[in-house]
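Good morning, and thank you for coming. Please look at the sequence and the model on the screen while I talk through salt bridges, pockets and one helix.

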Amino acid sequence: MSLPIYQHPTMTVLVDDSVSFLHSLRFQLGNALPSITFSDASAALAWLREQSRDGSDLESFLSPCVDTYTHEPQPFSVALHVGQLCQIARRARRFMTPSTLVVDYSMPQMNGIEFCEAVRDLPCKKILLTGVADEKVAIAAFNRGLIDRFIRKSDPDALDRLESDLIALQRDYFVAQSRVVQGLLALHEYRFVGDPAIAALVDQVARSYQIVEHYLYKSPSGFLMFDAEGRPHLLVIETEQGMRAHYEMAQDSGAPPALLEALRERRVIPNFSGGDGDGMYSDAFDDGWYNHTAPAQECRGRERYYWAMFDLNPALLDGPVAPFSAFLRRHQAS
């Protein structure tokens, strides 16, 4: 199981020349899978092209590493600005990102294969709806990499399959978006992103807290998460190395003995992100350090991890986040 370094609700694009079928399908998918419909293939193509210019591009968070002394870019070396990833949550139009496309094969302007060919360069995942006679064509398109799935409209479980495929492909969309930086993360303290045990943990936490979007977080390391109402949470993930660093920094800063003991015994996870900005202990937390810790829980994967979930004060974030629930209300009214 792969874990995307960021993920948020997105838009499914439905393309079919039958308006009644589109209305029915959009209704059946409901709020869990927001969608936009097009009965005109040309209009759908134009909309997809326009949206692709507003999408989140992880390459914008990369820059050449600069030598400290010469201030010159270092060849073959790049830096990932993890701290800027959370700025994606400030983008009001992020929920309009077209991550999945569902297109009918039999359309008058162009068939579904031709449509998918026209958007082959776009990162959205593609599902082709076919008739019984179109299955060989769909298999050929799948083998060419033009589509990611195909579903026969006449199948009795077609809607169930479509829903499950859309959920899986929307995740795959963000996994593919994250792939460009996975190698960089593996070299640094974020290597936990590539551990299937952490992917399972994030899914578990998301279900428990009804999380709809998450973003890799810098200090402390983990994920900034939001539920549908825009309430922020922070999943802090620490390794043994990270916990040792917290203990040593707290010890050097003259932390209270009770905190040092709790850190040494791995009983608490610290979240000192309101201090000097690096997530470590400072004397600013002397009087209320216990308000910035939570009971540590273990996750065993490729190594031992310690984690805790913190509710965050929205006022401590860089700015307001437009919640998914507000987007849904506007989208339903449109």
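Let me start with a pair of side chains, those of Arg304 and Glu298, which meet in a salt bridge at 3.8 Å, N to O; the term stands for a side-chain nitrogen of Lys or Arg within 4 Å of a carboxyl oxygen of Asp or Glu. Before going on, I should say that this is a predicted model, in which local features need pLDDT of at least 70 and side-chain atom pairs count only at pLDDT 80 or more, while totals for chains, interfaces and linings use all residues. Residues are numbered from 1 along each chain as its sequence is written, and side-chain values use heavy atoms, with hydrogens and water left out.

Are these two partners buried or exposed? Arg304 counts as partly exposed because its relative accessibility is 32%, and Glu298 is partly exposed too, with a relative accessible area of 45%; buried means under 20% relative accessible area, exposed over 50%, and partly exposed in between, with a 1.4 Å probe and protein chains only.

The structure holds 17 salt bridges, and Glu135, Arg152, Asp155 and Arg161 are linked in a network of them. Within this network, Asp155 meets Arg152 at 3.3 Å, N to O, and Arg161 meets Asp155 at 3.9 Å, N to O. Asp155 counts as buried because its relative accessibility is 17%, whereas Arg152, at 25%, counts as partly exposed, as does Arg161, with a relative accessible area of 29%.

Now to the pockets. The largest pocket has a volume of about 650 Å³, and 23 residues line it, with Gln7, Ile167, Gln170, Ile211 and Val212 nearest its centre. A pocket here is an open set of points on a 1 Å grid over the protein atoms alone, where a 1.4 Å probe fits and protein lies on both sides within 12 Å along at least five of seven lines, and lining residues have an atom within 4 Å of a point; the volume is the space filled by probe spheres set on the points.

Which elements each supply at least two residues of that lining? They are α5 (158-186), α6 (196-209), β9 (211-217) and α9 (324-333), where helices (H or I, at least four residues) and strands (E, at least two) are DSSP runs numbered from the N terminus.

Finally, α9 has buried residues, namely Phe324, Ser325, Ala326, Phe327, Leu328 and His331, and what covers them includes β2 (11-15), α1 (19-29), β3 (35-38) and β9.

Notes: Contact = heavy atoms within 4.5 Å.
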